[in-house]
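Let's take a walk through this structure together, starting with its open space and then turning to its strands. Keep the 3D view at hand as you read.

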Amino acid sequence: MQKVLIATEKPFAPIAVEKIRGIVESNGLELVLLEKYTEKAQLLEAVKDVDAMIVRSDKVDAEVIEAGKNLKIVVRAGAGYDNVDCEAATKHNVVVMNTPGQNANAVAELVFAMLLFHIRKGFTGASGSELMGKRLGVMSYGNIGENAARIAQGFGMHVYAYSRSTPADYFVKDGFEFFVNRKAMFEVCDIMVLAMPSAANTKGMINYELLSSMPKGAILVNIARKDLINEADLMRVLAERPDISYLTDVKPDAEAEIIEKFGKQYFSTDKKMGAQTAEANINAGMAAASQIASYLLTGNEKFRVNK
Ligand code: 3PG
């Protein structure tokens, strides 16, 4: 019987695991569970004899791929697959997939949880401010961006989106105004939400030029990946502009120093938790299980990312 491993350092909700089990077993496959592991050795041991693997932000590097002697497919139950070494997977004929959009609403909702907590001064009773009428920019307008834009409309915000896929400088789509010029967008938006993947062309993209051009009292929300930000530039701007705040679901490398120097301008979740809801776990986990069953049983490569 072919085996499907769920390897999650940050586990899915139990109900999601049961739903994944249902899909796996009804397709004649066996489920193996490795949750809350603390050592890479545990992952290397668990992957040894499985045919498929479901992960979240778990690091699937060349060593893990090589340890999986029977491994045929890795599905990242989520959007960003920067944690999977796609080159090593391709070299070993291992298919890599993600489950785009399945956890996007949960991630988008957390943006507003962090924003409300911050602008209401941590619910301490101090006088805060409101989202209504503020300009919110989403970069980029993918699955998370779309959900953030929809929710922002409910708050009565002016929504702007970023897209680099058109030659026009500025256009309107889905009722939203789009920028293709990053700096122009940072100059206009009171709140900028980062929701793009970590890739060669996005790493370090959020730099001094962009950050320092934000309007007075601006807030940057990073719901995506820490390496989108040039941290030295971020710290320089936080020092020069005490009016600017940084809220993040992905802790920066220099967090201790940022808290010490700019504590009032900074908020981070304890652990990356944008996608940590039962609904998102169920959606992404079930999609991953179905994609694995479909690939192992029929060769369906839809959602493959390492073509
Ligand atoms: C994603 O890329 O899907 C999100 O960052 C969620 O990641 P997680 O599954 O590790 O919570």
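The lining of the largest pocket is a mixed one: its residues divide into 15 nonpolar, 11 polar and nine charged. Bear in mind as we go that this is a predicted model. The space in this largest pocket comes to about 670 Å³. If you would like to centre your view on it, pick A79, G80, I144, P197 and R225, which are the closest to the pocket's centre of the 35 residues that line it. Two helices, α5 (104-119) and α6 (143-154), are the elements that give two or more residues to this lining. Of these, α6 provides the largest share, with three residues. The pocket also draws on both domains: domain 1 (3-102 + 277-298) and domain 2 (103-268) each supply at least three residues of the lining.

There is enclosed space to look at as well. Rolling a probe the size of a water molecule over the atoms shows where empty space is left. The count here is one cavity of 30 Å³ or more, and the space in the largest cavity is about 30 Å³. Around it you will find F12, R56, A77, N103, A275, A280, N281 and A284. By type, that lining splits into five nonpolar residues, two polar and one charged.

Now for the strands. An open sheet is built from five of them in the order β2-β1-β3-β4-β5, and the pairing is parallel. At its edges are β2 (30-35) and β5 (95-98), each of which pairs on one side only. From one strand to the next, the twist averages 20°. To follow the pairing in detail, begin with strand β1 (residues 3-8), which is joined to β2 by six bridges in the parallel sense. Here V4 faces L31 of β2. Further across the sheet, strand β3 (residues 52-55) runs parallel to β4, and four bridges connect the two. One place to see this is M53, whose bridge partner in β4 is V74.

Which way do the side chains of strand β4 (residues 73-76) point, and are they buried or exposed? I73 and V75 go one way, V74 and R76 go the other, and all of them are buried. In a regular strand the side chains alternate between the two faces of the sheet. Notice that R76 is among the buried residues of β4.

Strand β10 (residues 191-194) gives a similar view elsewhere in the chain. Both of its faces are covered, with I191 and V193 buried on one side and M192 and L194 buried on the other. Strand β6 (residues 135-139) pairs with β10 in the parallel sense through four bridges, and there M139 stands opposite L194. Strand β11 (residues 219-222) also runs parallel to β10, again joined by four bridges. In that pairing I191 of β10 has I219 as its bridge partner in β11.

Our last stop is G204, which sits in the loop between β10 and α8 (208-212). Is G204 buried, exposed or partly exposed? Its relative accessible area is 29%, so G204 counts as partly exposed, given that buried means under 20% and exposed over 50%. For a sense of scale, measure across to T298 in your viewer: G204 and T298 are 94 residues apart in sequence, and their C-alpha atoms are 40 Å apart in space.

Notes: Residues numbered from 1 in each chain as written. Predicted model: local features only at pLDDT ≥ 70, side-chain atom pairs only at ≥ 80, totals over all residues. Heavy atoms only, no water. Buried < 20%, exposed > 50% of the residue type's maximum accessible area, 1.4 Å probe, protein only. Pairing = 2+ DSSP bridges. Axes fitted to C-alpha atoms, helices over the stretch in contact; angles between N-to-C directions. 1 Å grid on protein atoms, 1.4 Å probe; cavity = no way out; pocket = protein on both sides within 12 Å on 5 of 7 lines; lining within 4 Å. Points joined across faces, edges and corners; volume = space filled by probe spheres on them. Nonpolar A, V, L, I, M, F, W, Y, C, P; charged D, E, K, R; others polar. Domains from an automatic or database assignment.
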